[in-house]
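Colleague: I have a few questions about this model before I go back to the bench. Could you walk me through them one at a time?

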Amino acid sequence: MGRVAELAGVSVRTLHHYDAIGLVRPSARTGAGYRVYSAGDMERLREVLAYRRLGFGLREIAELVDDPATDAVAHLRRLRGLLVERRDRADAMVTAIDRELTARAEGRKMTPQEQVGMFGPRLYDAIGGAYPATRRTDPRIAARIWDALGDARTVLNVGAGTGSYEPADREVTAVEPSAVMRGQRPDGAAPCVAAAAERLPFPDRSFDAAMAVSTVHHWADPLAGLRELRRVARRVVVLTFDTDEPGWQDRFWLTRDYLPEFADVLAGFPPLAGMAEALDARAEPVPVPWDCADGLFEAYWRRPDAYLEERVRRAMSVWTRVGREAEERAVRGLGDDLASGRWAARNGGLTGLDAADLGLRLLVA
Ligand SMILES: C[S@@+](CC[C@H](N)C(=O)[O-])C[C@H]1O[C@@H](n2cnc3c(N)ncnc32)[C@H](O)[C@@H]1O
């Protein structure tokens with residue numbers, strides 16, 4: 001037992017306790033009565049200790065390791081996933097702290113969500129459950145993305161979420177760091193790897209194309225992520241947002257008249273020109289159709305009542321990023337203006353448009 005304790009880096013007392021509660025029971029004893037741990041016992045001990053170090057309670061661990069449907073490989077996979085998530089979370093926290101330090105040095109105010117480090121996968125683990133209600137492939141935006149993919153046969157979709165915009169006629173591999181989002185991918189969706197854009201677990205040039213849709217603004221380090229896309233694929237297609245145009249905050253009535261805080265959300269976001277340069281890409285405007293099927297932030301520019309619906313807002317990360325107070329004020333203001341006719345008076349011209357350029361850009365390299 002002393003030898004096993006030494007190997008496993010735990011005390012003999014811990015091993016005695018695990019034995020007493022039936023968590024790890026040595027399967028045999030020597031003639032002299034010493035406990036003997038078989039290879040199988042050691043494997044179980046390793047699993048128990050790994051779950052313990054990840055913070056699981058002993059009762060919970062007993063259920064996990066006694067589950068007959070989970071073999072050693074499945075435990076290793078699960079443990080690996082949990083550790084990767086923990087590492088990503090730590091990375092995100094470091095980035096959040098760096099952002100706050102930068103913001104403070106520049107005298108900028110951070111949103112409540114920014115202060116608690118609600119970025120990237122962590123944000124999507126918190127809000128991702130509401131995503132599938134309204135977020136899906138819009139065929140017109142998809143046509144633009146698929147066209148830009150050219151004749152690529154193998155495609156990597158980074159920040160893949162629930163799988164929107166994944167072309168059905170190509171061999172797709174998805175990358176998605178949020179467990180909640182991965183868990184919502186439909187049956188039959190492309191295989192999905194738990195990883196982040198900034199550190200893609202693929203060799204150089206291993207895909208014909210890499211795509212990233214509505215995700216770059218969530219990455220801890222957008223430029224590093226874009227360089228990774230460039231590294232692993234011959235062609236890169238990214239749907240992102242233009243904050244270079246002077247007065248971009250006024251392009252969309254929602255940001256202009258009701259939610260100026262949106263500008264703070266994108267304050268640390270790299271300029272479009274910098275992203276295009278990192279990829280050596282050209283930027284093309286992607287107008288948002290008036291009846292856009294994908295419930296992204298700008299989707300309802302001609303259907304303003306939609307923003308009054310909680311279910312619609314919860315599938316847009318912007319509302320979480322600006323904080324509850326700003327959200328409530330914006331929704332109240334919009335509701336009042338819709339009821340009084342003030343919104344229609346200001347934005348009446350929109351009803352004649354089929355699509356609007358609200359800053360969505362396709363970077364194609
Ligand atoms: C708005 S969703 C977009 C999902 C999908 N591409 C779509 O168009 O529906 C943003 C996704 O980016 C993911 N994400 C956040 N940080 C990431 C990172 N560092 N690397 C890759 N994906 C990330 C989130 O977990 C989330 O699933």
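Colleague: Happy to start with helix α13; which of its residues are buried?

Modeller: Bear in mind that this is a predicted model. Helix α13 covers residues 272-279. Its buried residues are Leu272, Met275, Ala276, Ala278 and Leu279.

Colleague: Seen down the axis of α13, within what arc do its buried residues fall?

Modeller: The buried residues of α13 line one face of the helix, because their directions from the axis stay within a limited arc. What covers them includes α10 (222-232), β7, β8 (282-285) and β11 (360-364). The arc itself is 160 degrees.

Colleague: Which residue just after α13 takes a positive phi?

Modeller: Helix α13 ends at residue 279. The positive phi comes just after the helix and is about 60 degrees. The residue is aspartate 280.

Colleague: Turning to helix α16, how far apart are its end C-alpha atoms?

Modeller: Helix α16 has 17 residues, 324-340. At 1.5 Å a residue, they should span 24 Å. The model agrees with that expectation, as the end C-alpha atoms are 24 Å apart.

Colleague: Does α16 have one buried face, and within what arc do its buried residues fall?

Modeller: Ala326, Ala330 and Leu334 are the buried residues of α16. They line one face of the helix, because seen down its axis they fall within an arc of 55 degrees.

Colleague: Which elements do the buried residues of α16 pack against?

Modeller: The face turned away from the buried side of α16 carries exposed residues, including Arg324, Glu328, Arg332 and Asp336. On the buried side, the packing partners are α11 (253-258), α15 (317-322) and α17 (342-347).

Colleague: And which residue just after α16 has a positive phi?

Modeller: Helix α16 runs to residue 340. Just after it, a residue takes a positive phi of about 90 degrees. That residue is glycine 341.

Colleague: Now for the interior: which residues touch the most other members of the largest nonpolar core?

Modeller: In soluble globular proteins, nonpolar side chains tend to be buried together. Here the largest nonpolar core has 73 residues, and its largest share, six residues, comes from strand β6 (residues 207-213). The members touching the most others are Ile145, Ala210 and Val236.

Colleague: Leaving aside neighbours within four places in sequence, which residues is alanine 210 in contact with?

Modeller: Alanine 210 falls in the range of strand β6, residues 207-213. Beyond its neighbours within four places in sequence, its contacts are Leu156, Val158, Leu229, Val232, Ala233 and Val236.

Colleague: How many residues are in the other core that lies apart from the largest one?

Modeller: Among the members of this other core are Val24, Leu45, Tyr51 and Ile61. The count for this core is seven residues.

Colleague: Is tyrosine 165 buried or exposed?

Modeller: Tyrosine 165 sits in the loop between β3 (154-158) and β4 (171-175). It has a positive phi of about 70 degrees although it is not a glycine. A residue needs 20 or more other C-beta atoms within 10 Å to count as buried. Because tyrosine 165 has 23 C-beta neighbours inside 10 Å, it counts as buried.

Colleague: What about arginine 205, buried or exposed?

Modeller: Arginine 205 is in the loop between β5 (192-193) and β6. This residue also is not a glycine, and its positive phi is about 50 degrees. A residue with 12 or fewer other C-beta atoms within 10 Å is exposed. Arginine 205 has 11 other C-beta atoms within 10 Å, so it is exposed.

Colleague: Which residues does threonine 137 contact, leaving aside neighbours within four places in sequence?

Modeller: Threonine 137 lies in the loop between α7 (120-127) and α8 (139-148). With 16 C-beta neighbours inside 10 Å, it counts as partly exposed. Its contacts beyond those neighbours in sequence are Ala142, Ser164, Tyr165, Ala293 and Asp294.

Colleague: Lastly, how many residues of domain 1 are in contact with domain 2?

Modeller: The chain is divided into domain 1 (2-66), domain 2 (72-117) and domain 3 (129-364). The side of domain 1 that touches domain 2 has two nonpolar, no polar and two charged residues. On the domain 2 side, four residues take part. From domain 1, the number in contact is four.

Definitions and conventions: Residues numbered from 1 in each chain as written. Predicted model: local features only at pLDDT ≥ 70, side-chain atom pairs only at ≥ 80, totals over all residues. Core = buried A, V, L, I, M, F, W, Y, C linked by C-beta atoms within 7 Å. Helix = DSSP H or I, 4+ residues; strand = E, 2+ residues; numbered from the N terminus. Contact = placed C-beta atoms within 7 Å. Expected span 1.5 Å × (residues − 1). Arc of directions from axis to C-beta. Domains from an automatic or database assignment. Nonpolar A, V, L, I, M, F, W, Y, C, P; charged D, E, K, R; others polar.
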